[in-house]
Amino acid sequence: MSSVNLTGLGANQVKNTTSGEMVEIGSLWREQTVVLFFLRRFGCQVCRWMAAEVSKLEKDLKANGVALIGIGPEETGVKEFKDGGFFKGDIYIDEKKQCYNDLGFKRYNAVNVIPAAMGKSVREIASKASAEGIHGNFSGDLLQSGGMLIVAKGGEKVLLHFVQKTPADNVSLEDITKALGISVNVQAGEKPQVKQEAFVTSSLFDTGI
């Protein structure tokens, strides 16, 4: 059972990156079920790959009355992210990172972010992303983690609350559709196996996780 307090969370303000309007995040699920994808950082290569992956569901989600919405922790990199077309959905900014805090999305520090960046799973996704022409940079807050929240229409209940434990953690497309109770015909991208010693440098200097 989720411990998310939707009433308290719903009062937090987020900014629409298109209109600049500040709205309560709760307004996003007032009239529709929503999949809220919380990015670590707009310049993160791994995050961009994850954004592209979840966007494979956008058409089917829309057909089932579900909105796909991205949330970022800061303005830095949002224009490049939007211009790159990595995500099919509206994007908002949680400038105070209050939603991130309320949802338990941890922050790394200067010591533990390095081994996190060199983790095998990060390198695997970075390899897949690079093969697909998705790259990253070091712009912005390198220490924030993210996750996902799926809320039923009207805030009736939390259908899924996912918190990253490592930068490579993400919810599978299958688990998203299962939480929503819908069927889709989408194939998720596979994460290739890489040698243990490979991609250590690229995971740091390409992903900028």
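**A colleague's note on the sheet, helix α2 and Asp 141**

1. Let me start with how a helix sits on the sheet in this predicted model. Helix α2 lies across β3, β4 and β6, and its direction makes an angle of about 160° with β3. The helix spans residues 45–54, and nine of its 10 residues are buried, leaving α2 mostly covered. The buried set consists of Gln 45, Val 46, Cys 47, Arg 48, Trp 49, Met 50, Ala 51, Glu 53 and Val 54. You may like to note that charged residues such as Arg 48 and Glu 53 are on that list.

2. Now the sheet as a whole. Seven strands form an open sheet in the order β2-β1-β5-β4-β3-β6-β7, and the pairing is mixed. At the edges are β2 (22–24) and β7 (158–163), each of which pairs on one side only. From one strand to the next, the twist averages 30°.

3. Strand β3 deserves a look of its own. Which residues of β3 are buried on each side? On one side they are Thr 33, Val 35 and Phe 37, and on the other Val 34, Leu 36 and Phe 38, so both faces are covered. This two-sided pattern can be read with a simple rule in mind: side chains in a regular strand alternate between the two faces of the sheet. Because six of the six residues in β3 (residues 33–38) are buried, the strand is largely enclosed by the rest of the structure.

4. The neighbours of β3 pair with it in opposite senses, and strands of a sheet can indeed pair either parallel or antiparallel through backbone hydrogen bonds. With β4 (residues 66–72), β3 runs parallel and shares six bridges; here Phe 38 has Ile 71 as its bridge partner. With β6 (residues 147–151), β3 runs antiparallel and shares five bridges; in this pair, Val 35 is partnered by Ile 150.

5. Towards the β2 edge, β1 (residues 13–16) joins β2 through three bridges in the antiparallel sense. Within this pairing, Gln 13 stands opposite Glu 24 of β2.

6. Finally, a loop residue. Where is Asp 141 placed? Asp 141 belongs to the loop between α7 (120–131) and β6. With a relative accessible area of 11%, Asp 141 falls under the 20% cut-off and therefore counts as buried. Leaving out residues up to four places away in sequence, Asp 141 touches Arg 40, Arg 41, Glu 74, Lys 97 and Arg 107. With Arg 107, there is a polar contact between the two side chains at 2.6 Å.

How values were computed. Residues are numbered from 1 along each chain as its sequence is written. This is a predicted model: local features need pLDDT of at least 70, side-chain atom pairs count only at pLDDT 80 or more; totals for chains, interfaces and linings use all residues. Side-chain values use heavy atoms; hydrogens and water are left out. Buried means under 20% relative accessible area, exposed over 50%, partly exposed in between (1.4 Å probe, protein chains only). Helices (H or I, at least four residues) and strands (E, at least two) are DSSP runs, numbered from the N terminus. Two strands pair if DSSP finds at least two bridges between them. Axes are lines fitted to C-alpha atoms, for helices over the stretch in contact, and angles run from 0 to 180 degrees between N-to-C directions. Contact means heavy atoms within 4.5 Å. A polar contact is a pair of N or O atoms within 3.5 Å; within protein, one must be able to donate a hydrogen and the other to accept it, and residues adjacent in sequence count only if both atoms are side-chain atoms.
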